[in-house]
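Subject: Structure for you to look at

Dear colleague,

Here is the structure that I promised to pass on to you, and I would be glad if you could open it before you read the notes underneath.

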Amino acid sequence: MNIFIPQSIQTQIELEEIADSLQGITIYSNYLSDGSEKKNLQLQKASISIVDLISEEAIERSSDLTISDVTRRINGLSTSSEHAGEPARTIIRGIDPKYNYTLVNGFKIPSPADKVRYVPLSFFPADMVKSLEVYKNLTPDMEGDAIGGVVNLVLRNAPEKNMLKGNLQLGYNSYFLNHSYQYFDWHGV
């Protein structure tokens, strides 16, 4: 039996220094703004909890006046109306609102009423909110007193320049175009 042992070969290689300088570096990135729907969809997909995110773009496109109106557009959420027809309480997954809590920029806010725990989302105008996050299950980093879910309102930053913004809504009733304003036919009642 023969054992082959290779011999080591040593060589020296001389390298030349080439003094070329780099002219510039260009970095390309796919940046998504905070209020874009694409970014919210990516965050929603990567989240470990069941969360619905409504972007700034979606809030601006809708005709909703309050955050309570915006929550009607989210799957699994509904609102109960007060006597005036305005949405008052947001119900997450069919669980009573007293089992939910509301955050503003990640901080829990107390209820304005003394007998109930929920915060009516009709208090918040839709123009004031940058995005809306609705968590339908709890994670270990959340407080344990909301088995229904959590609504987090991410508010807009203050503008750097003076800004004037307004809403104008018009409506009409064609009944008064053909009838006298002071006349009411009470015979049909």
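The notes below go through the fold, the cavity, a buried aspartate and a few loop residues.

Please keep in mind throughout that this is a predicted model, and that the values below are computed from it.

To begin with the overall layout, the protein chain has 4 helices and 7 strands, and when it is followed from the N terminus the order of these elements is α-β-α-α-β-β-β-β-β-β-α. Of the 189 residues in the chain, 29% are buried.

The search for enclosed space found 1 cavity of 30 Å³ or more in the structure, and the volume of the largest cavity comes to about 100 Å³. Its lining is made up of Ala-88, Arg-89, Thr-90, Ile-92, Pro-97, Asn-100, Tyr-101, Thr-102, Tyr-118, Val-119, Leu-121 and Val-151. Two elements, β3 (87-92) and β4 (100-104), each give two or more residues to that lining, and the largest share, 4 residues, is contributed by β3. Sorted by class, the lining consists of 8 nonpolar, 3 polar and 1 charged residues.

Tyr-101, one of the residues that line the largest cavity, also takes part in an arrangement with a lysine, in that the charged end of Lys-108 sits over the tyrosine ring at 4.9 Å from its centre. As for contacts between aromatic rings, a search of the whole structure gave 0 aromatic pairs.

A residue that you may wish to look at in the viewer is Asp-64, which is placed in the loop between α2 (56-61) and α3 (67-71). Is Asp-64 buried or exposed? Asp-64 counts as buried because its relative accessibility is 14%, and the cut-off for buried is under 20%. The side chain of this aspartate makes two polar contacts that are listed here: one is with the side chain of Arg-73, at 2.7 Å, and another is with the side chain of Ser-62, at 3.3 Å.

Further along the chain, Gly-76 belongs to the loop between α3 and β2 (77-81), and with a relative accessible area of 44% this glycine is partly exposed. Gly-76 and Ile-92 are 16 residues apart along the chain, while their C-alpha atoms are separated by 6.1 Å. Ile-92 is itself among the residues that line the largest cavity, so that part of the picture can be viewed together with the lining described above.Two backbone angles also deserve a mention. Most residues other than glycine have a negative phi. Against that background, which value does phi take in Arg-93? Phi of Arg-93 is near 55°, a positive value in a residue that is not glycine. Arg-93 is situated in the loop between β3 and β4, and its relative accessible area of 43% makes it partly exposed. Asn-105 likewise has a positive phi, of about 55°, although it is not a glycine. This asparagine lies in the loop between β4 and β5 (107-108), and it is partly exposed, with a relative accessible area of 41%.

With best wishes

Technical notes: Residues numbered from 1 in each chain as written. Predicted model: local features only at pLDDT ≥ 70, side-chain atom pairs only at ≥ 80, totals over all residues. Heavy atoms only, no water. 1 Å grid on protein atoms, 1.4 Å probe; cavity = no way out; pocket = protein on both sides within 12 Å on 5 of 7 lines; lining within 4 Å. Points joined across faces, edges and corners; volume = space filled by probe spheres on them. Nonpolar A, V, L, I, M, F, W, Y, C, P; charged D, E, K, R; others polar. Phe/Tyr/Trp six-rings, centres within 6.5 Å; stacked < 30°, edge-to-face > 60°. Lys NZ or Arg CZ within 6 Å of the ring centre and 35° of its normal. Buried < 20%, exposed > 50% of the residue type's maximum accessible area, 1.4 Å probe, protein only. Polar contact = N/O pair within 3.5 Å; in protein donor to acceptor, adjacent residues only side chain to side chain.
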